[in-house]
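Biologist: Please take one part of this protein and look at it closely. I would like to hear about its main nonpolar core and what packs around it.

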Amino acid sequence: MNKSSPLTSVNIWAGTLGHNLVLPYILPDRLTFATYGIFLEQVLPSLLQVVPLPIQRNMWFMHDGAPAHFSSTVRYFLNATYPARWIGCGGPVAWHPRSPDLNPLDFFFWGHKKSLVYETPVDSAEDFVQRIVVATDKINTTPGIFERVRQSFLRRCELCNDTRGRHFEHLQ
């Protein structure tokens, strides 16, 4: 999942897995299918080294509909690495671009991280990167935070079902 920062217009990738965040990674300013493919093949495996192999073998990969995510090279890699266990455009589990934000990164992480990073004005790109690291650590070490995120996720799923996929933000 990527989000752009208005300060440096960089793309940031992050992941959640169980009770932890996978460390965020700053992607190139101009994300192409080639640079995203390099990230998937060369960087992501090193980010996942802290995750036990049995969990890695059963985890799911999800990304949004950014053009760089939709190339045949990226889809081939994801099919080989996460067979029938990835969500995105052209994947075994399609994620409609206008679907509700049920993804914990979308409804929790990006907003919370942004509030931590921008508590005070950011002075420089270096300050921005350091704040991302500190905010990630703060989120990772907050007791019970991932349990609350899972409970919120389940509530969102129930609301989505109750409204048959229609808008439900006003019901929360």
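Modeller: The accessible surface of the protein comes to about 10,200 Å². Carbon and sulfur atoms hold 57% of that surface. This is a predicted model. Of the 172 residues in the protein, 38% are buried. The protein has 6 helices and 5 strands. Along the sequence they follow the pattern β-β-β-α-α-β-α-β-α-α-α.

Now to the core. The largest nonpolar core has 20 residues. Which residues have the most contacts inside it? They are Phe39, Leu40 and Phe61. Three elements give two or more residues to this core: β3 (20-27), α1 (33-47) and α3 (72-81). With 6 residues, α1 gives the most. In soluble globular proteins, nonpolar side chains tend to be buried together.

Take Phe61. Leaving out residues up to four places away in sequence, Phe61 touches Trp13, Tyr36, Leu40, Leu44, Leu78, Tyr82, Arg85, Trp86 and Ile87. Apart from this core lies another, of 18 residues. Leu105, Val117, Ile132 and Ile139 are among its members.

Next, look at α3. Its buried residues are Val74, Phe77 and Leu78. Why do they lie on the same side of α3? They cover an arc of only 95 degrees around the axis, and that puts them on one side of the helix. An α-helix has 3.6 residues a turn, so residues three or four places apart point the same way. What do the buried residues of α3 pack against? They pack against α1, β4 (61-62) and β5 (86-87). The face turned away from the buried side carries the exposed residues Ser72, Tyr76 and Ala80.

Then come the strands. β3, which gives residues to the core, pairs with β2 in the antiparallel sense over 6 bridges. Asn11 stands opposite Leu27 in β3. The two strands β2 and β3 form a hairpin, with 2 residues between them. Gly18 in the turn has a positive phi of about 65 degrees. Is β2 (residues 11-17) mostly covered or mostly open? Mostly covered: 5 of its 7 residues are buried.

One last point concerns contacts across the chain. Take the contacts in the protein with a separation of 6 or more. Residues 24 or more positions apart account for 54% of them.

Note on methods:
Residues are numbered from 1 along each chain as its sequence is written. This is a predicted model: local features need pLDDT of at least 70, side-chain atom pairs count only at pLDDT 80 or more; totals for chains, interfaces and linings use all residues. Side-chain values use heavy atoms; hydrogens and water are left out. A nonpolar core is a set of buried Ala, Val, Leu, Ile, Met, Phe, Trp, Tyr and Cys residues joined through side-chain atoms within 4.5 Å. Buried means under 20% relative accessible area, exposed over 50%, partly exposed in between (1.4 Å probe, protein chains only). Helices (H or I, at least four residues) and strands (E, at least two) are DSSP runs, numbered from the N terminus. Contact means heavy atoms within 4.5 Å. The arc is that of the directions from the helix axis to the C-beta atoms. Two strands pair if DSSP finds at least two bridges between them. Accessible areas come from the Shrake-Rupley method with a 1.4 Å probe; for residues, only the protein chains shown count as cover.
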